[in-house]
Amino acid sequence: VALSLLSRSSATERIQGVSYSAAVKNPNDTILAALFNAVDSDANPNVRLAAVDALYLFRTRPGVKESLVRSLAIQNYPLVQVALIDFLVEVREARAAEALKLLIEKNELTPEVKKRAEQGLKQIV
């Protein structure tokens, strides 16, 4: 059901799919891949934010933190950028340091995101 909802055209249904995915105790790789895809490419930033929150529940699973480090490099919506920064700082992901440095160097960042990335970098290193 979760995977079906994540592929729907309605953002509300996709958010519901993310919620169903988060409720799975031990999600398989297909569900995790669908959540990563939502973070990276969903047209609606609210779906992307919900997917980041859902993935926090699975932060100890192999590959989750690494995938979100990669996601940070491709995000352009400020609230999603902040959510990813907060996630990576919260889990103390050392591999995020380089991604944060690259993000800080981008000229198109909002001042708030840049400040959050700088603060996050200090907390990780």
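**Exercise 1. Find which residues A38 touches beyond its neighbours within four places in sequence, and decide whether A38 is buried or exposed.**

*Solution.* Begin with the contacts: once neighbours within four places in sequence are set aside, A38 meets V47, R48 and A51. Keep in mind as you work that this is a predicted model. Next, place the residue: A38 belongs to helix 3. Now check one of the partners by distance. A38 and R48 are 10 residues apart in sequence, and their C-alpha atoms are 5.6 Å apart in space. Last, look at accessibility: the relative accessible area of A38 is 5%, and buried means under 20%, so A38 is buried.

**Exercise 2. Work out whether the end-to-end span of helix 8 agrees with its number of residues.**

*Solution.* Helix 8 covers residues 111–124, which is 14 residues. At 1.5 Å a residue, the expected span is 20 Å. The C-alpha atoms at the two ends are 20 Å apart, so the two values agree.

**Exercise 3. Sort the residues of helix 8 into a buried side and the face turned away from it, then say what the buried residues pack against.**

*Solution.* First list the buried residues: V113, A117, G120, L121 and I124. Seen down the helix axis, these residues fall within an arc of 105 degrees, so they line one face of helix 8. A general rule helps here: an α-helix has 3.6 residues a turn, so residues three or four places apart point the same way. On the face turned away from the buried side you will find the exposed residues P111, E112, K115 and K122. Finally, the buried residues of helix 8 pack against helix 6 (78–90) and helix 7 (96–105).

**Exercise 4. Describe how helix 6 and helix 8 are arranged, and which residues meet.**

*Solution.* Take the axes to begin with: they come within 10 Å and cross at roughly 10 degrees. Angles under 35 degrees count as roughly parallel, so helix 6 is roughly parallel to helix 8. Then read off the residues. Helix 6 contributes P78, Q81, V82, I85, D86, L88 and V89, and these meet V113, R116, A117, G120, Q123 and I124 of helix 8.

Now zoom in on Q81, which lies in helix 6. Its relative accessibility is 5%, so Q81 counts as buried. Beyond neighbours within four places in sequence, Q81 is in contact with L72, Q75, N76, L103, L109 and V113.

**Exercise 5. Identify the residues with the most contacts inside the largest nonpolar core, and the helix that gives the largest share.**

*Solution.* The core has 41 residues, and those with the most contacts inside it are V18, L35, L55, L68, L72 and I85. Two or more residues come from each of helix 3 (29–41), helix 4 (45–56), helix 5 (64–74), helix 6, helix 7 and helix 8. Helix 6 gives the largest share, eight residues. For a closer look, pick V18: apart from neighbours within four places in sequence, V18 is in contact with L6, L35, V47, A50, A51 and A54.

**Exercise 6. Compare the surroundings of L3 and R92: where does each lie, and how accessible is each?**

*Solution.* L3 sits in helix 1 (residues 2–6). With a relative accessible area of 37%, L3 is partly exposed. Leaving out residues up to four places away in sequence, L3 touches T30, I31 and A34. R92 is in the loop between helix 6 and helix 7. At 52% relative accessibility, R92 counts as exposed. Check its backbone too: phi of R92 is near 55 degrees, a positive value in a residue other than glycine.

How values were computed
Residues are numbered from 1 along each chain as its sequence is written. This is a predicted model: local features need pLDDT of at least 70, side-chain atom pairs count only at pLDDT 80 or more; totals for chains, interfaces and linings use all residues. Side-chain values use heavy atoms; hydrogens and water are left out. Helices (H or I, at least four residues) and strands (E, at least two) are DSSP runs, numbered from the N terminus. The expected span of a helix is 1.5 Å times one less than its number of residues. Buried means under 20% relative accessible area, exposed over 50%, partly exposed in between (1.4 Å probe, protein chains only). The arc is that of the directions from the helix axis to the C-beta atoms. Contact means heavy atoms within 4.5 Å. A nonpolar core is a set of buried Ala, Val, Leu, Ile, Met, Phe, Trp, Tyr and Cys residues joined through side-chain atoms within 4.5 Å. Axes are lines fitted to C-alpha atoms, for helices over the stretch in contact, and angles run from 0 to 180 degrees between N-to-C directions. Angles under 35 degrees count as roughly parallel, over 145 as roughly antiparallel, 65 to 115 as roughly perpendicular and the rest as oblique.
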